[in-house]
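Trainee: Before I use any labels in my notes, can we go through where each one comes from?
Mentor: Sure, let's put it up and take the labels in turn.

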Amino acid sequence: MTDKDQYVKGFNRGYALRQYRPDLAKMIDELEGSQDFLQGFKAGKNQFETELDQEIQRGIDQHEGMSTPDQTKDIPGKSPDKDQDEI
């Protein structure tokens, strides 16, 4: 197996292990070494964490974009001071 193959294998394992066993992935990430597998593992773990952070940020952005009482003033029949539609 080539160095690149070892790196890719480590990357995939790091990504999956971080997803399903973050505690174990963290322990392995703390190991020191320059082996291609270990370097790939760390990169895969970090990639998963980056994607997770981005997903969380998208959720926050979507939540912040939701209608607040102040924004209801532009909706016909809605009052920012009332929870019910005007009759």
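What follows is a talk about the labels given to helices and residues in this predicted model.

Trainee: What is the overall make-up of the chain?
Mentor: The chain has three helices and zero strands, and along the sequence that reads α-α-α. Of its 87 residues, 15% count as buried. The chain exposes about 7000 Å², with carbon and sulfur atoms supplying 50% of that area.

Trainee: How do you know how far apart in sequence the contacts reach?
Mentor: Take the contacts between residues at least 6 apart in sequence: 55% of them join residues at least 24 apart.

Trainee: On to the helix pairs. Why are H1 and H3 called oblique?
Mentor: Their axes come within 6 Å and cross at roughly 40 degrees. Roughly parallel needs an angle under 35 degrees, and roughly perpendicular begins at 65. The crossing angle of roughly 40 degrees falls between those limits, so H1 and H3 are oblique to each other. The crossing of H1 and H3 is right-handed. By class, their contact has nine nonpolar, eight polar and eight charged residues.

Trainee: And what makes H1 oblique to H2?
Mentor: H1 and H2 pack at about 135 degrees, with their axes 6 Å apart. Roughly perpendicular stops at 115 degrees, and roughly antiparallel needs over 145. The angle of about 135 degrees fits neither label, so H1 is oblique to H2.

Trainee: Which residues make the contact between H1 and H2?
Mentor: H1 brings Leu 17, Arg 18, Gln 19 and Tyr 20, while H2 brings Pro 22, Leu 24, Ala 25 and Ile 28. By class that contact has six nonpolar, one polar and one charged residues.

Trainee: Why are H2 and H3 called oblique?
Mentor: Helix H2 covers residues 22-29 and helix H3 covers residues 36-64; their axes come within 10 Å and cross at roughly 135 degrees. Over 145 degrees would count as roughly antiparallel, and 65 to 115 as roughly perpendicular. Roughly 135 degrees lies outside both, so H2 and H3 are oblique to each other. The crossing of H2 and H3 is left-handed.

Trainee: How do the residues of the contact of H2 with H3 divide by class?
Mentor: Four are nonpolar, none is polar and four are charged. The residues that meet are Ala 25, Lys 26, Ile 28 and Asp 29 in H2, and Leu 38, Phe 41, Lys 42 and Lys 45 in H3.

Trainee: Let's do single residues. Why does Lys 45 count as buried?
Mentor: Its relative accessibility is 7%, and buried means under 20%. Lys 45 is below that cut-off, so it counts as buried. Lys 45 is found in helix H3, and beyond residues up to four places away it touches Gly 14, Tyr 15, Arg 18, Ala 25, Lys 26 and Asp 29. The C-alpha atoms of Lys 45 and Ala 16 are 7.8 Å apart in space, although these two are 29 residues apart in sequence.

Trainee: What makes Arg 18 buried?
Mentor: Arg 18 has a relative accessible area of 16%, and the cut-off for buried is under 20%. With 16%, Arg 18 meets it and is therefore buried. Arg 18 is found in helix H1. Leaving out residues up to four places away, Arg 18 touches Ala 25, Lys 45, Phe 48, Glu 49 and Leu 52.

Trainee: Why is Leu 52 partly exposed?
Mentor: The relative accessible area of Leu 52 is 30%. Buried needs under 20% and exposed needs over 50%, so Leu 52 is partly exposed. Leu 52 has its place in helix H3. Its C-alpha atom is separated from that of Gln 19 by 9.4 Å, with their places 33 residues apart along the chain.

Trainee: How do you know that Lys 9 counts as partly exposed?
Mentor: Lys 9 is at 32% relative accessibility. That value is not under 20% and not over 50%, so Lys 9 counts as partly exposed. Lys 9 is found in helix H1, residues 3-20. Aside from neighbours within four places in sequence, Lys 9 is in contact with Met 1 and Phe 37.

Methods
Residues numbered from 1 in each chain as written. Predicted model: local features only at pLDDT ≥ 70, side-chain atom pairs only at ≥ 80, totals over all residues. Heavy atoms only, no water. Helix = DSSP H or I, 4+ residues; strand = E, 2+ residues; numbered from the N terminus. Buried < 20%, exposed > 50% of the residue type's maximum accessible area, 1.4 Å probe, protein only. Contact = heavy atoms within 4.5 Å. Areas by Shrake-Rupley, 256 points an atom, 1.4 Å probe, with all protein chains shown as cover. Axes fitted to C-alpha atoms, helices over the stretch in contact; angles between N-to-C directions. Left-handed = near helix turned anticlockwise from the far one by under 90°. Nonpolar A, V, L, I, M, F, W, Y, C, P; charged D, E, K, R; others polar.
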